[in-house]
Structure formats: structure tokens, C-alpha cells
Amino acid sequence: MGQNTISFDEKEKIFLLSTEDTSYMMGFSPEGFLGHIYYGKKVNHVGGQRLLHGAVNNEVWRYRDGITYRSIFPYEYPTGGVGDFRNSCLEIENESGQNTCELVYESHRIFEGVPELPGLPHAFRGKDMINTLEITLADKVLDIKVQLFYSVFEKENVITRSARITNCGKEKLIITRAMSASFDMDDRDYEMLSLHGSWGSERRIQRKKLAFGSQMVSSKRGVTSHMHSPFMAVVSSGADQDMGDVYGMSLVYSGNFQAEVYKEMIGNIRMITGINPDTFKWHLEPGATFVTPEADLTFSAEGIGKMTRNYHDFYRNHIIRSPYKEKERPVLLNNWEATYMDFDADKLYAIAKKASECGVEMFVMDDGWFGKRDSDNSGLGDWIVNEKKLGCSLKELVDKVKNLGMKFGIWFEPEMISEDSDLYRAHPDYAIRVKGRKGTLGREQMVLDYSRKEVRDTIYKMMYDVIKNAGIDYVKWDMNRYLTDLGSAELPADRQGELSHRFMLGVYELQDRLITDFPELLLENCSSGGGRFDAGMIYYSPQIWCSDDTDAIERLHIQEGTALFLPMSTMGAHISKCPNEQVGRNTPIETRCNVALAGTFGYELNIDELSEEEKSAVPRHIERYKKYHGLVSNGDYYRLNSWNDKKSFDMWENVSKDSKEALVTYIQVLCHPGVEGSRVMLKGLDPHARYELEEVTGHSSYKKGQFFWGDELMNIGLWIPQLRDFESCLYHFIKSE
Ligand code: DGJ
């Protein structure tokens, strides 16, 4: 594995990167521009390939019309100011304030391993041998070098890209744009697939035909945001879960980003992603280096489903580092929707006790335990236990809960500061703010200037003491407002434009410190629900709270969109009470359970407030989670039907890697009269094996213990009777020997 994934044909001057099912090819122009030749289905024989577009190889064009030539050249790392008018990857201003850059090939090397991206989340080698191609390009006038890295993850069909820009000269340079990756191809009637949303309604799938001009998802909110995700795909028209060409691009970054597809002229398109240049500027002193975040590329010739599985495997094997990634996550109960900030230790203990009697393994104390924090307008930044409110020390409460046999988790919002806090009274300059302006508040709070080490250290010391002294097992790291009024009291005037990225690097540094100092700690990220759910955050926390909308039916959209590119094991999903707090809907507890089983299972309620019937279901549901968690977390995910497509039901399947086991989840949304049911083809099974229906929950046409052939289930399908509104059914198949 990994031996011959990268080659260079000296004669043809072609780089060929190969994964199990894909090929990626690049070549040079006579001037030494690095250009894209091909990305797609695996090509095993390469003859005299040329760079994209005949015109690029036309001598007359090249010499007589340099602008047209450059404006169609399929640059691997396009630069601004010299004739490529599409969005570029790199723009640099020199000391005279002029902005042009032209990169020419200098050298390359192939090495075993992956590049280090200091301070940034990035793919690691894991158990496999991974090769990386490093191509060095240079602009002799600016005196810069740009190293492009391409690491090939053969098994997962992923190629990661990043760039390192070094100022080798004597001039002070300003980077005004430094994207992570781009590549050009011909448009073949493609469509763009991306994720959009809002608070409580994150990551809804959007698909639209590519138009001429720019189509983009982006964030300037300081986090990747509820509105857009740093992921996009270009798919052939009509591509579905199983068929069609799909190009995915996911940025391993959690701050301001841009992901764009640009279509121009003769129908050539450019996919490009990286840090959002609108809120970015970076001073590159002589000798200094800037490193871009990593972009993860994948291609599938077998539809969207295969792209999803490529990403799931890749993120599980090469991005998520937590020791919990393969371990069973404790079933937790979080008190937020049960009490909000109105609690003391006795109330929390009573909730924890009832939960532990039902089999819950960890109690999480959410917002409201510190400083002066009874409402959301005060206390942030004062990470000191409010013993008066609790009625005891935190250690006493933790010990009592631990005596029940439970673990104990706690909520922090480390990036924030309230105006009404001791921290702000002592250090108003710690807040991000523009001199002379009061600043816009979000949830009545401000953001801490994490570009400053002193600020990070102050917060970390408080967090460390709480976690260490009380013996905390889990931290929910929340972040509840966007960044505005970008001003740092410490950064010099010419570096203020660096604040957003420096803030992000500060967040990463602090999360890294936390999991390094507490290697057994389970960290869950959160941002007003799922406002920062991206491939960057899962490098630090193996799970992220998916959304503040806990309604099981709303969650179907949200979880489908999230699982489009991120593993199910990362999705924080809990059962909450009914009528649901956000939408007022009543959903059977069975369905709330079956939807939560698709992620990291838990509760967001006081079990004592459930009906007797619901209460009695809790131990059974926990048992169900324990039975299926490994399969859902580590297996292959197949989307069988989507409520998103205006269908009346949602359905997915998790199949173990050895095809010995499959769990099928069917959720009826709205039922319609006159519809008996649907026949649905299963996927990923062994066609020649017999499968036993080992368990079936809910109303079904089949009985436990019934046998089916794999090819029968995949070709003739499973007959699912229509259920009543919001009812659901699980089918568990096991291969019989
Ligand atoms: C937003 C989170 O998404 C909620 O789960 C909860 O932790 C609140 N913040 C607490 O303020």
C-alpha cells in the first residue's frame, strides 16, 4: 500500500498521483507553469497527454497573446495580476503596493509521510504508508518560493493539498490571498452540491446547475457558520447516490473560508477553496513562511454515496485523533433543556441519579455553573465555580455523581467575555473591539482576542484548574456568537488584518493544549449548535453538537447534510422531551431514539419528567445504542432515501466493513392515504450470502428470524409498509454462516 502512488514521467514531464480508484495528473507549460491535466477515474496508461485546452498548446497564442493564454491556462496554483482573471490562489503585494505574482516550476521531491502544517489541523499518516509530492514553484521578481504539497491516501481515494509560501527576499510582502487548492476542468453539464442553513437548521443540502460566473459558499463570521459549510462538490448532471461523477473538496479549517466554482468562456471551470480573502491579510517579513490550511479532495465515479464513504473513511483514519474515535462513547445526559441556568447541586444530582438508574453513563452540567451566571448577559470569562449557587463545591457534586457510577462533564465557552464579568472589568482590552466603538454584541457577549497568548493563558489556567481539581471527564466547548468589530489591542496597525486567522490559530492552540494535558478527556465542540462543524474541529474533538434543534424530524435534514461528508461518529445527537422545545412537535420516543442512534447518543432532558411509558423505554434504548454504536460509527453509510427530496420518508443503512451486518433505519415523516408502502433496495451486502433478520423494531412486513439472500435484498429490495406520521422501524441483518 502506498508504494507507487506518485510518479514523475521525466520524458513527458507529467506527475501522476494514483489512489485505488482515481488518477490526478499535472504537467508543465514550456515557460514552466504548473498546470492541471486530469482528475478523475483511474487511468493506468498515460501516453502523450497535454495540458487542458488545445489553445494552451498553441505556440501562436502563447507568444502573441499572453493574456488569452494565461486566462485559460489550467494553473494548479493560479496567481493574480498577470492575465488569469479568474479567482486565484495567491496574491501578494510588494513594498511598492503592486500586486502581481507569477510562479514557475523550480524543483520537486517525493517523500514518505505527510507535511506538518504548524498550528493547523491536518491529516496524519495513521497505519498506512502515505507518500507526498512536494513541488516548489518560485517567483524570481518577488523572490518567493511556494511549496505545493499533495499527499495521496490511496485506500480512501483522497488527495490532500496545502501550500507553504516563503519570502526569500529582502522586501516586506503582504499576502492578500492564500488559498489552499484549486483545479480546473471542462464543464460537462455539472451541478454544484453544497450545504447551507441557519441556526437550528444547519447543513441542508443544496444542488444547482453550474451557471457562468461564480457560485460560492463562504463565511466571514469568524467560524465556518450555520449558513455555509467549508465543503462543496461538483457532480455530473443526474448523479445520484450510486451513479455519476463527483468531485469533493473539503477544507480542514474552522474560520472564515471560501469555496467557489467559477465557470467561464468555453465552459472551463475552476474549483477553489481556502481562507476567505475578504477578511484576510498577512505580512510576510523576509525569511517568514505562511502555511495554508489543508484541502481534502476526492473523486467518485460511483455517485455521491461513494464520495461520502471516501470522506468518512479518510476522516476516521487520518483526521480524528481522539482515543475515543474507536471507543464506545459514554451515553450522556445534558441538563441544558432540562433546567437551562436554573439549578443547584441538589437539582442536578436528582437528575443524574434518575439517569444513572436508567443506564446513563455520564452527566453533563451545561451553562450556568460559574461566575455570576444566571442569565446569558454576564459571567463569561469568570471560570470560577459559583459555589453559592451550587450549594457546595464542584468537587463535592462531581464525587457524588461519580459515586453513582457515572462520569462527569462540564460546559465552557472559552472564547467569550461578558461585559458584566470580573475578567472584563480587569482587562477590557482582552475583548476584540475597534478603538472608539462600543462594538456589536451577540447574545450580549464579546469575543476574546485569542491572537494574544496572554489572553489564552489566562483562560486556560482557569479551565485547567476546574478540570483538574474536580476530576472532569468531558468538556463541551461552546462558541455562541460571530466575530465583528475586528480590532486587537495588541496587534500593530499593519497586522490588524491578520486577526481572524490568528484568532482561529489561537482556538486551535488552546484545544490542543487541553487534549494534550488531559489525554483521556472527551472533548465535544459546539457553536450555538452546529455553527462550527467542519473537518478542522474533528481533529481536536471526536464529536460535535450537531444542532440546537433537537426535534427528531428536523434532525433528519441536519444529520443527512452533516453525514454527507463527515462521519456519523462525529454527530452529537440526543433524545429530548416532547413537545419539542424548538418546534413544538410530538414525536414517539422510539423515533427520537432511532434518529439519535445515528450519532453519539445521549439525552437532553430530565428523565423524571417523561411519561411512565417513555421512562421505561430508556434502558431499552441505551441497550440498543450499545448494540449498534460500533456498526454505525465504524461501518459504511448508505443513504437509501431522503426526506430532503420531498419524499415522505427518510432511510439509511449502516453496513459493517466485512458486510456481515447491516442496520437499516426507516423514519416515516408524513404518511399519505392510499400508499401501502415502498420497496427499497439495500446496498453494500454480500450478494451470495444469506442474511437473517436478527431484530426488527416497530411495525414491519417481516418477522425476526426470517432469512434473505444478499442479492435479493439489494435487487428485489425490502418491502417497507407505510407507517403513521413520525413512526419508525429498524431492521438488523446478520450474515448467517
Ligand atoms: C448553545 C448550545 O448549543 C446549547 O446546547 C447550550 O450549551 C447553550 N449554548 C448554553 O448556553
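Colleague: Let's start with the ligand: how far is its nitrogen atom from an N or O atom in the side chain of Asp478?

Modeller: Keep in mind that this is a predicted model. A pair of N or O atoms counts as a polar contact within 3.5 Å. Here the pair joins a ligand nitrogen and the side chain of Asp478, and the distance is 2.6 Å.

Colleague: And what share of the ligand's area does the protein bury?

Modeller: Picture the ligand on its own, where it exposes 290 Å². Then put the protein back around it, and the part that gets buried is 98%.

Colleague: Which residue has a polar side-chain atom 2.7 Å from an oxygen atom of the ligand?

Modeller: Two residues are worth checking here. Trp411 has a polar side-chain atom 3.1 Å from a ligand oxygen, so that pair falls within the 3.5 Å limit for a polar contact. The 2.7 Å value, though, belongs to Lys476.

Colleague: How many residues of the shell around the ligand are charged?

Modeller: There are 13 residues around the ligand, with Asp366, Asp367 and Asp548 among those that come nearest. Sort the shell by type and you get four nonpolar and three polar residues, and the charged ones number six.

Colleague: Now over to Leu685: is it buried or exposed?

Modeller: Leu685 sits in the loop between strand S34 (677-680) and strand S35 (690-697). Its contacts beyond its sequence neighbours include Val655, Tyr691, Leu713 and Met714. Its relative accessibility is 6%, and the cut-off is under 20%, so Leu685 counts as buried.

Colleague: How far apart in space are Leu685 and Asp658, C-alpha to C-alpha?

Modeller: Along the sequence, Leu685 and Asp658 are 27 residues apart. In space, their C-alpha distance is 8.9 Å.

How values were computed: Residues are numbered from 1 along each chain as its sequence is written. This is a predicted model: local features need pLDDT of at least 70, side-chain atom pairs count only at pLDDT 80 or more; totals for chains, interfaces and linings use all residues. Side-chain values use heavy atoms; hydrogens and water are left out. Helices (H or I, at least four residues) and strands (E, at least two) are DSSP runs, numbered from the N terminus. Buried means under 20% relative accessible area, exposed over 50%, partly exposed in between (1.4 Å probe, protein chains only). Contact means heavy atoms within 4.5 Å. A residue is near a molecule or strand if one of its heavy atoms lies within 4 Å of it. A polar contact is a pair of N or O atoms within 3.5 Å; within protein, one must be able to donate a hydrogen and the other to accept it, and residues adjacent in sequence count only if both atoms are side-chain atoms. Accessible areas come from the Shrake-Rupley method with a 1.4 Å probe; for residues, only the protein chains shown count as cover. Ala, Val, Leu, Ile, Met, Phe, Trp, Tyr, Cys and Pro count as nonpolar, Asp, Glu, Lys and Arg as charged, and the others, Gly among them, as polar. Lists of a residue's contacts leave out its neighbours within four places in sequence.
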